[in-house]
Amino acid sequence: MHKVLLTGAAGFIGSHVAEYLLNQGHQVFGIDNFDDFYSRSIKEQNISACLGKPSFTFIKGNVGDVESLILDTNFDIVIHLAAKAGVRPSIAQPEQYIDANLS
């Protein structure tokens, strides 16, 4: 069993990765900020299969908001899928995308 940090856990890909890891017996810490580019209800539906499983911990927030968890927990694996989506909006709001995707 590995201790896994998974960012972007409520996204389509992230939620499927979380389910797979949980089914393989790993302990998963999932982080997602529910960015409004996609509907929150879709993300909640994505992650619903993982919530309530004893080996899954969900943290709502930005990766930078949980720096102490990241620094204080000895993760075996980090899967970084968190990113602000959308090419066109990234041109109109580059600072937001740089902050979310590169910080």
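**View 1. Many contacts in this chain link residues that lie far apart in sequence.** In this predicted model, take the contacts between residues at least 6 apart in sequence: 69% of them join residues at least 24 apart. The chain has five helices and four strands, and reading along the sequence gives the pattern β-α-β-α-β-α-β-α-α. Its C-alpha atoms fill a box of roughly 45 × 30 × 15 Å along the principal axes. How does the radius of gyration agree with that of a compact globule? For 103 residues, a compact globule would have a value near 13 Å, and the chain has 14 Å, which agrees. Buried residues account for 32% of the 103 residues.

**View 2. Strand 1 and strand 2 run in parallel.** Five bridges pair these two strands. To find your place, start at Lys3, which stands opposite Gln27 in strand 2. Between the two strands the chain passes through helix 1, and this β-α-β crossover is right-handed. Now look at how well strand 2 is covered: five of its six residues are buried.

**View 3. Strand 2 also pairs with strand 3, again in parallel.** Strand 2 covers residues 27-32 and strand 3 covers residues 56-60, with five bridges joining them. Two pairs help you follow the match. Phe29 stands opposite Thr57 in strand 3, and Asp32 has Lys60 of strand 3 as its bridge partner. As you trace the strands, keep a general point in mind: in a regular strand, side chains alternate between the two faces of the sheet. Helix 2, residues 40-47, belongs in this picture too, as strand 2, helix 2 and strand 3 make a right-handed β-α-β unit.

**View 4. Helix 1 has a buried face and an exposed one.** This helix has 12 residues and reaches 17 Å from its first C-alpha to its last, close to the 16 Å expected at 1.5 Å a residue. Which residues of helix 1 are buried? They are Gly14, Ser15, Ala18, Leu21 and Leu22. Seen down the axis of helix 1, these buried residues fall within an arc of 125°, so they line one face of the helix. They pack against strand 1, strand 2, helix 2, strand 3 and strand 4. Turn to the face away from this buried side and you meet the exposed residues Phe12, Ile13, Tyr20 and Asn23. Just after the helix, Gly25 takes a positive phi of about 95°.

**View 5. Ser15 is a buried residue of helix 1.** Helix 1 spans residues 12-23, and Ser15 has its place there. Is Ser15 buried or exposed? Its relative accessible area is 1%, and buried means under 20%, so Ser15 counts as buried. Leaving aside residues up to four places away in sequence, Ser15 touches Ala9, Asn46, Ile47 and Cys50. Another residue to find is Gln45: 30 residues separate it from Ser15 in sequence, while their C-alpha atoms are 9.4 Å apart in space.

**View 6. Helix 2 has its own buried face.** In this helix, the buried residues are Lys43, Asn46 and Ile47. Looking down the axis of helix 2, you would see them fall within an arc of 85°, so they line one face of the helix. What covers these buried residues? The cover includes helix 1, strand 2 and strand 3. You have already met Asn46 and Ile47, as both touch Ser15.

**View 7. Two loop residues make a pair to compare: Phe34 is buried, whereas Ala83 is exposed.** Phe34 is found in the loop between strand 2 and helix 2. Its relative accessible area is 10%, so it is buried. Check its backbone as well: phi is near 55°, a positive value in a residue other than glycine. Ala83 lies in another loop, between strand 4 and helix 4. The relative accessibility of Ala83 is 56%, so Ala83 counts as exposed. From Ala83 you can also look across to Phe58: the two are 25 residues apart along the chain, and their C-alpha atoms are separated by 17 Å.

Technical notes. Residues numbered from 1 in each chain as written. Predicted model: local features only at pLDDT ≥ 70, side-chain atom pairs only at ≥ 80, totals over all residues. Heavy atoms only, no water. Pairing = 2+ DSSP bridges. Right-handed = clockwise from strand over helix to strand, strands pointing away. Buried < 20%, exposed > 50% of the residue type's maximum accessible area, 1.4 Å probe, protein only. Contact = heavy atoms within 4.5 Å. Expected span 1.5 Å × (residues − 1). Arc of directions from axis to C-beta. Rg over C-alpha atoms; globule rule 2.2 N^0.38 Å.
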